[in-house]
Amino acid sequence: MTNEESAIRTTYFSIIGNTCLALVKGLAGFFGNSYALIADAIESTTDIFSSLLVLLGLKYAKRPADENHPYGHGKIEPLVTFLVVAFLVTSATVIAYESIENINTPHKVPKPWTLIVLGVIILWKEVSYRIVLKKSRQTHSSSLRADAWHHRSDAITSIMAFIGISIALIFGKGYETADDWAALLASGFILYNSYLIFRPALGEIMDEHRYDDILDSIRTEANKVEGIVGTEKCYIRKAGMKYHIDLHAMVKADISVRDGHDIAHRLQDHLKAVIPNLEHVLIHIEPDDLGEGDDV
């Protein structure tokens, strides 16, 4: 199974899970008098739509390179991530607004059985977070990572709801709004997580260098290729789950153009064979006696 296929399958898992949880939370919140659970259901509903966006983005990114997109369609992934972050910010805003409204509206203490529902939800969302995050690391998918953090933010809101309902039940009258305060606090966590997701996606769009581990691997592996004397400049760009490399490699100054060409191809093939997810590898050959400042 390719990285693209694995990421798409993981997104289906998120969509099905979020749909089931949104229904459970909504019903439990309505019948259990818990505004925090209802707020939680709202976030799970936005999670469904964000996961659908991730799915569409992954399927589009899977398209092969063409005449108009010689580097493929992977840049759609960080763009989808921006939309997912917008959903997160929107859900956090809605939860905060509803929480403030409910704090000012007298209501009953939540039912004790809502804690059981929340306990199951917390466990499920944490497991979902770990599954999706593991897949995002394996596939190098930024949008899948955003989807994973959707699960984590959902778990956080559920934990806050659990704490709030517990306080309301333990202390009774006068603490009915504890779960609303908990939901309000959870909205702040969601906004913070939104930034953590947004920042690397912005770096990907701006071709920011954030890949020192890959750079070290490229330099190490390049020196193993016969004919390569050393490496100089190395630029790495990420597009979806793939990396595009521009590498300046040094060879002996007295070899022929043909030999330099053959060495470059050997280096290109070797890097693609040993380093996962490299797509385009452009090798610029330089003579080893090139003086400082003479680089082109």
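The following is a conversation about a predicted model, its two domains and one of its sheets.

Colleague: What ground rules apply to the values?

Modeller: The model is predicted, so local features need pLDDT of at least 70 and side-chain atom pairs count only at pLDDT 80 or more, while totals for chains, interfaces and linings use all residues. Residues are numbered from 1 along each chain as its sequence is written, and side-chain values use heavy atoms, with hydrogens and water left out.

Colleague: How do you know what confidence the protein has?

Modeller: pLDDT is the predictor's confidence in each residue, from 0 to 100. The protein averages 84, and 96% of the residues score at least 70. Helix α2 (residues 35–61) has the lowest confidence, with a mean of 78, and helix α8 (residues 257–274) the highest, at 94. Helices are DSSP runs of H or I with at least four residues, strands are runs of E with at least two, and both are numbered from the N terminus.

Colleague: What makes β1 and β3 the edges of the sheet?

Modeller: The open sheet has 3 strands in the order β1-β2-β3. β1 (230–239) and β3 (278–287) each have a single partner strand, so one side of each is left without a neighbour in the sheet.

Colleague: Why is the pairing called mixed?

Modeller: Two strands pair if DSSP finds at least two bridges between them. β1 and β2 run antiparallel, joined by 8 bridges, whereas β2 (residues 242–251) and β3 pair in the parallel sense, also over 8 bridges. Ile 245 in β2 stands opposite Ile 236 and has Val 281 in β3 as a bridge partner. Both senses are present, and the pairing is mixed.

Colleague: What makes up the hairpin?

Modeller: β1 and β2 form it, with 2 residues between them; Gly 240 in the turn has a positive phi of about 70 degrees.

Colleague: How do you know how much area domain 1 and domain 2 bury between them?

Modeller: Domain bounds, from an automatic or database domain assignment, are 3–206 for domain 1 and 212–287 for domain 2. Buried area is the accessible area (1.4 Å probe) that two parts lose on being put together, summed over both. Here the value is about 1,000 Å², 51% of it on carbon and sulfur atoms. In domain 1, Tyr 71, His 140 and Glu 204 lose the most area to domain 2, together 53% of what that side buries.

Colleague: Why is the meeting of Glu 204 and Lys 238 called a salt bridge?

Modeller: The rule asks for a side-chain nitrogen of Lys or Arg within 4 Å of a carboxyl oxygen of Asp or Glu. Glu 204 and Lys 238 meet at 3.5 Å, N to O, and the pair qualifies. The rule finds 1 salt bridge across the domain interface.
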